[in-house]
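Visitor: I'd like a quick tour of this one, mostly the rings and the core. Can we start with how the chain is held together?

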Amino acid sequence: MISNKVKLSIDTLHVVSLLNEQQQEIIYDRFVFRKNHPTHRFHYTMKMNNPLFIINSMPRNISTYKWYNTMLIFQRDILNREYVPYSIQEILQMTTWKIKRIDLAFDFQTPTEKSLILKHHGNVQFDKNEKWSCTYLGKLKNNQSESKVAFYDRNRKEQEHNTGIVHDYHSRFEVRLYPKLNDEAVYLQSPNHDWIKKHLSKYIFIENIDDLPLKNKWEKNRLYKIQKDYSYHKKLKPKEWKYLKQICKENRVPLEMIYEQQKYDLFSFTYIKPLDELIQQELNNAS
């Protein structure tokens, strides 16, 4: 059963393409770039309170030119607007963009200390970061993995940045996907939803341990100990650990089903709107 107490959004999106000279000139005509950026020859950043949209053109690492020479980076605040600026919509439509990274954020109201993260197989590696009390599933320094997870309390993050923002849906389970840029690439204009759902289905996320249909409080306590220290499961009898894990599998949050229901809304920003409609929206917002 899919919980109604979950919000799904794209937190960060990196897309890349190998543009020809004419396409690059179109971009240069629409934006004011900073030259001699430390990492890119041409760099553009749209900012409000935080960076919303970044263009990195002609990266210094020439090995990337086999796959791309331009990267667009979208942040959450611009993806969640009613529409993205027309200039950005134009460059999205002028060529095919491959997804290099996409962070899918599943937000819940349940306290993070009541949630549990596992994977279906036994090869689970966790990293901890004191910042925001963040838990990572998948080694941070391993760039080969196609998917990783970051799990943290958004309100702790806001407190650390002194923003004064308080989220009702504060418990974030964020799946970070890194598609390959080869023939099996995931394209922005026509995403490979099956590839995305396959990776989402790898994770066993329990929103609230207290809601699991366990036999007694001892089983619940064991899961809480595993949540604090995953290696604790090695102290359990194999039969007991198998049983607890099966309960978790049967009651996991169906991330892939939530994505399936909302996938078209998630990528609606890629659908270009007529210019006259956008102008009318601007006039309505200004009045």
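Guide: Sure, and one definition first: a contact means heavy atoms within 4.5 Å. Keep in mind, too, that this is a predicted model.

Visitor: Among contacts between residues at least 6 apart in sequence, what share joins residues at least 24 apart?

Guide: The chain has nine helices and 12 strands. Take the contacts between residues at least 6 apart in sequence, then ask which of these join residues at least 24 apart: the share is 69%.

Visitor: How much of the chain is buried?

Guide: Buried here means under 20% relative accessible area. The chain has 287 residues, and the buried part of them comes to 50%.

Visitor: On to the rings: is the pair of F126 and Y230 stacked, tilted or edge-to-face?

Guide: Ring centres within 6.5 Å make a pair, and planes under 30 degrees apart count as stacked, over 60 as edge-to-face, the rest as tilted. By this rule there are nine aromatic pairs. For F126 and Y230 the centres are 5.5 Å apart and the planes sit at 50°, so the pair is tilted.

Visitor: How many residues apart are F126 and Y230?

Guide: F126 belongs to strand β8 (residues 126-129), while Y230 is in the loop between α6 (217-228) and α7 (238-250). The pair therefore links distant parts of the chain, with a separation of 104 residues.

Visitor: Is Y230 buried or exposed?

Guide: Its partner F126 has 24% relative accessibility, so F126 counts as partly exposed. Y230 has a relative accessible area of 13%, and with the cut-off for buried at under 20%, Y230 is buried.

Visitor: Which residue of helix α7 does Y230 pair with?

Guide: This second pair is edge-to-face, with 6.4 Å centre to centre and 75° between the planes. Both partners are buried. Y230 sits in the loop between α6 and α7, and the partner in helix α7, 11 residues apart from Y230, is W241.

Visitor: Which ring does the charged end of K148 sit over?

Guide: Elsewhere, K217 lies over the face of W218, at 5.3 Å from the ring centre. For K148 the distance from the ring centre is 5.7 Å, and the ring belongs to Y178.

Visitor: Which residues touch the most other members of the largest nonpolar core?

Guide: That core has 65 residues. F74, one of those asked for, is in contact with residues including D11, L52, I88 and L92, leaving aside neighbours within four places in sequence. The full set is L13, F74, L104, F106 and F173.

Key:
Residues are numbered from 1 along each chain as its sequence is written. This is a predicted model: local features need pLDDT of at least 70, side-chain atom pairs count only at pLDDT 80 or more; totals for chains, interfaces and linings use all residues. Side-chain values use heavy atoms; hydrogens and water are left out. Rings of Phe, Tyr and Trp (its six-membered ring) pair if their centres lie within 6.5 Å; planes under 30 degrees apart count as stacked, over 60 as edge-to-face and the rest as tilted. Helices (H or I, at least four residues) and strands (E, at least two) are DSSP runs, numbered from the N terminus. Buried means under 20% relative accessible area, exposed over 50%, partly exposed in between (1.4 Å probe, protein chains only). A charge sits over a ring if NZ of Lys or CZ of Arg is within 6 Å of the ring centre and within 35 degrees of the ring normal. A nonpolar core is a set of buried Ala, Val, Leu, Ile, Met, Phe, Trp, Tyr and Cys residues joined through side-chain atoms within 4.5 Å.
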